[in-house]
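Welcome! Below are some short exercises, each followed by a solution worked out in steps. Keep the structure open and follow along.

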Amino acid sequence: MSFLLLALLNVPPDDAWAEFRGPAGAGHSTSTGLPKEWSETKNVMWKTPLHGRGWSSPVVWGSQVWLTTGTPDGAALSVLCVDRESGKILVDQKLFQPEKPNDLWKKYNSYASPTPVIEEGRVYVHFGTYGTACLDTKTGKPVWARTDLACDHWRGAGSSPILHDNLVILTFDGHDVQYVVALDKKTGKNVWKTPRAHDFGTDDGDRKKGYSTPIVIEVGGQAQIISPASAATVALDPKTGQPIWWVKHKGHSPAMRSLYGNGLVYFGVGAGNELVAVKPDGKGDVTASHIAWKAGKGIGHKPSPLLVDDLIYVVADNGVASCFDAKTGASVWTQRLGGAYSASPLYADGVIWFFAEDGSATIAKPGREYKEVAKNKLDGGAESKSTPAIAGKALFIRTESALYRVEAK
């Protein structure tokens, strides 16, 4: 098979939503014609009940929607594949059965929080130390699986897997050990493993944990894995896993996914509730030289930021949305949306979508003034902490008990 054909096979369909927060992890979709109004009885193409408990987001490729779930006690961890057109469950397979799952802080996590990542013919699912597997998307059968990547998550795993070239990249920032590991996509074997080398400034394992999903960017022709951790954010070389540059900061247990734009990397520091913008062209410790700005008001912890043109939008866990100038960090506006938030905002069809834990959603126009477009709500909220997927003209929204395909009829 020629190299060109292999390359074409790995080109995502135009409407694929292949990883956490979609293409490049940026939360953007090119979809148009999305519904601005919906409810349990309006613009719902199908609603598929889900067993178990999980906060992983759905991923979409072609006619398939994949997601993970687990029993509330973590004793059984499963993968699901749903038919995109009908909502019928095509695959419901138990993958891992941990003998003694660690206790979970159930208010803030589940045993199935990491989002799968998918490409042509393969889907990669991850449950932290309890198991990582590659499945054939045609048969639903495992190609390889790993259960030997040790880490005491203590309060559960949160970082999702990402793909780069021939690698599956995983983050294990636990209570006891903290490292990033790259696996060969075809075999699941380690290619490199890089322990966190920075000083956390504490011996308290709770303050060394992390939940952030990395992104891959290119700077000056060199790829960089931007990997936030407690007390520092590090850029790694994807070929070797070696650090290129790093920034020390306050905060622990980061959960936001980073962004790249306007020549800057934007990342959250976690419980320090701060957003930092860094120029990614340095080497070594660039804390004193490459930080462009910091913003520390209304940032929140779990929902990732959203970059649209020269503005950054965030929603704090308590439902306060804020807008910042992406080049300077200056505050532009603040608006209370109401409710609690874990899902990350998305941009599609000319508007921003904010999804609350109670199943409600607020739609607003981007810009230097807050302009609300609509509010909608689905049942089954109270614990809806998954970020939706967007594909075609549909929103795929996971609530506490079901997966919905929301589309204008």
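**Exercise 1. Find out where C81 and C134 stand with regard to disulfides.**

This is a predicted model, and we start with its cysteines.

Step 1. Look at C134: its sulfur is 14 Å from the closest cysteine sulfur, in C81, which is too far for a bond. The cut-off for a disulfide is 2.5 Å between the sulfur atoms.

Step 2. Widen the search to the whole structure, and zero disulfides turn up. C81 is accordingly in no disulfide, and the nearest cysteine sulfur to it is that of C134.

Step 3. Check the surroundings. C81 is buried because its relative accessibility is 1%, under the 20% limit. C134 counts as buried too, at 0%.

**Exercise 2. Decide how far the model can be trusted, and say which residues have pLDDT under 50.**

Step 1. Begin with the chain as a whole: the average pLDDT is 94, and 97% of the residues score at least 70.

Step 2. Now turn to residues 1-9, where pLDDT stays under 50. For this stretch the model has three contacts beyond four places in sequence.

Step 3. Draw the conclusion: where pLDDT is low, the predicted coordinates should not be read in detail.

**Exercise 3. Count the salt bridges, then work out which parts of the chain E119 and K185 tie together.**

Step 1. The count comes to 17 salt bridges. As background, side chains of opposite charge can pair when their charged atoms come close.

Step 2. Take E119 and K185, whose closest N and O atoms are 3.0 Å apart in a salt bridge. E119 belongs to strand β6 (residues 117-119), while K185 sits in the loop between β12 (178-184) and β13 (190-195), so this pair ties together parts that are 66 residues apart in sequence. Both E119 and K185 are buried.

Step 3. Try R196 and D173 next: their side chains meet in a salt bridge at 2.9 Å, N to O. This pair links distant parts of the chain, with R196 in the loop between β13 and β14 (215-219) and D173 in strand β11 (residues 167-173), 23 residues apart. R196 and D173 are both buried.

Step 4. In the salt bridge between D325 and R368, the closest N and O atoms are 3.1 Å apart. D325 is in strand β25 (residues 320-325) and R368 in the loop between β29 (360-365) and β30, so parts 43 residues apart in sequence are tied together. Here D325 is buried, with a relative accessible area of 14%, whereas R368 counts as partly exposed, at 45%.

Step 5. Finally, see how salt bridges that share partners join E85, R405 and E407 into one network.

**Exercise 4. Describe the place of T69 and what surrounds T69.**

Step 1. Locate T69 in strand β3 (residues 64-70).

Step 2. T69 counts as buried because its relative accessibility is 0%.

Step 3. List some contacts. Not counting residues up to four places away in sequence, T69 touches several residues, including H51, G54, L77, F127 and R398.

Step 4. Look for a polar partner: a polar atom of the T69 side chain lies 3.2 Å from the backbone nitrogen of R53.

**Exercise 5. Place S386 and find the backbone oxygen that its side chain reaches.**

Step 1. S386 is in the loop between β30 (371-377) and β31 (389-391).

Step 2. With a relative accessible area of 5%, S386 is buried.

Step 3. Its side chain reaches the backbone oxygen of S56 at 3.2 Å. Beyond its neighbours within four places in sequence, S386 is in contact with W55, S56, S57, P58, A343 and R398.

**Exercise 6. Name the residues with the most contacts inside the largest nonpolar core.**

Step 1. Recall that in soluble globular proteins, nonpolar side chains tend to be buried together.

Step 2. The largest nonpolar core has 32 residues, and W38, W353, F355 and F396 have the most contacts inside it.

Step 3. Zoom in on W38: leaving out residues up to four places away in sequence, W38 touches W353, F355, I363 and L395, among others.

Step 4. Apart from the largest core lies another, of 21 residues, among them V59, V91, A112 and V123.

Notes
Residues numbered from 1 in each chain as written. Predicted model: local features only at pLDDT ≥ 70, side-chain atom pairs only at ≥ 80, totals over all residues. Heavy atoms only, no water. Helix = DSSP H or I, 4+ residues; strand = E, 2+ residues; numbered from the N terminus. Buried < 20%, exposed > 50% of the residue type's maximum accessible area, 1.4 Å probe, protein only. Polar contact = N/O pair within 3.5 Å; in protein donor to acceptor, adjacent residues only side chain to side chain. Contact = heavy atoms within 4.5 Å. Salt bridge = Lys/Arg side-chain N within 4 Å of Asp/Glu carboxyl O. Core = buried A, V, L, I, M, F, W, Y, C linked by side-chain atoms within 4.5 Å. pLDDT = per-residue confidence, 0-100.
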